[in-house]
Amino acid sequence: MKRKHFYHEDDSHPVQLTSADIILRQQLEYSISRYFYEGCDRTIQDLLAACRWYVTSQTNGLTLVIECQDQITNWRILQQLTNMAELLHKVVSSAKIRVCAPKGQGMPFEMRVDELSVYRNRA
């Protein structure tokens, strides 16, 4: 029995991204970064300023990556994680936040923003 395809083969994902795709992705990442940052309170903005952070969108979804320079900042970022997740969830309901400790000082911690209820119940 021959299978029927419900989509036309031209509708499938392209094998390689075009320059237009790359530019659109960069614009999306920039806009989400800006919207997220502007929605943060001064405390979180100051913490982010002490880190390298960016938004990346790959095939598995959008991720806010925060790379901490020291353990104190890493700990303070982790303390603000649910607040940051709430803000990001307003923009993208399936996003993740990855907090990277300083090199050689631990594994990255990753949280999906749709897991907020789990973290709120622990507090």
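Let's start at lysine 96, which sits in strand β3, a stretch covering residues 96-100. Keep in mind that this is a predicted model. You might expect a lysine to be out in the open, so is this one buried or exposed? Lysine 96 has a relative accessibility of 14%, and because the cut-off for buried is under 20%, it counts as buried. Its side chain has a polar partner, too: the side chain of glutamate 110, at 3.4 Å. Beyond its neighbours within four places in sequence, lysine 96 is in contact with Asn60, Leu62, Thr63, Leu64, Leu88, Glu110, Met111 and Arg112.

Now zoom out to the sheet around that lysine. Four strands make up an open sheet, in the order β1-β2-β3-β4, with mixed pairing. At the edges are β1 (52-58) and β4 (109-112), each of which pairs on one side only. From one strand to the next, the twist averages 20 degrees. As a reminder, strands in a sheet pair through backbone hydrogen bonds, and they can do so parallel or antiparallel. Here, β1 and β2 (residues 61-67) run antiparallel, joined by 7 bridges. If you'd like one pair to look for on screen, take tryptophan 53, whose bridge partner in β2 is isoleucine 66.

What lies across the sheet? Helix α1 (residues 19-39) lies across β1 and β2, and it runs at about 135 degrees to β1. Helix α4 (residues 81-91) lies across β2, β3 and β4, at about 145 degrees to β3. Leu88, one of the contacts of lysine 96, falls within the residue range of α4.

Next, follow the chain out of β2. Glutamine 69 is in the loop between β2 and α3. Is glutamine 69 buried or exposed? It counts as exposed, because its relative accessibility is 54% and the cut-off is over 50%. Exposed or not, glutamine 69 still has company: leaving out residues up to four places away in sequence, it touches Ala50, Arg52 and Pro102. Take arginine 52: 17 residues separate it from glutamine 69 in sequence, while their C-alpha atoms are 8.0 Å apart in space.

Past that loop comes helix α3 (residues 71-79), home of threonine 73. Threonine 73 counts as buried, because its relative accessibility is 9%. Which residues does threonine 73 touch, not counting those up to four places away in sequence? They are Leu47, Ala50, Cys51 and Cys68. Ala50 turns up among the contacts of glutamine 69 as well.

With those spots in mind, look at the whole chain. It has 5 helices and 4 strands, and from the N terminus on they run α-α-β-β-α-α-β-β-α. Of the 123 residues, 32% are buried. The accessible surface comes to about 9100 Å², with 51% of that belonging to carbon and sulfur atoms. As for contacts between residues at least 6 apart in sequence, 50% join residues at least 24 apart.

Finally, a word on how far to trust what you see. The mean pLDDT of the chain is 84, and 82% of the residues reach 70 or more. Confidence is highest in helix α2 (residues 42-49), with a mean of 96, and lowest in helix α5 (residues 116-122), with a mean of 64. Where pLDDT is low, predicted coordinates shouldn't be read in detail.

Key
Residues numbered from 1 in each chain as written. Predicted model: local features only at pLDDT ≥ 70, side-chain atom pairs only at ≥ 80, totals over all residues. Heavy atoms only, no water. Helix = DSSP H or I, 4+ residues; strand = E, 2+ residues; numbered from the N terminus. Buried < 20%, exposed > 50% of the residue type's maximum accessible area, 1.4 Å probe, protein only. Polar contact = N/O pair within 3.5 Å; in protein donor to acceptor, adjacent residues only side chain to side chain. Contact = heavy atoms within 4.5 Å. Areas by Shrake-Rupley, 256 points an atom, 1.4 Å probe, with all protein chains shown as cover. Pairing = 2+ DSSP bridges. Axes fitted to C-alpha atoms, helices over the stretch in contact; angles between N-to-C directions. pLDDT = per-residue confidence, 0-100.
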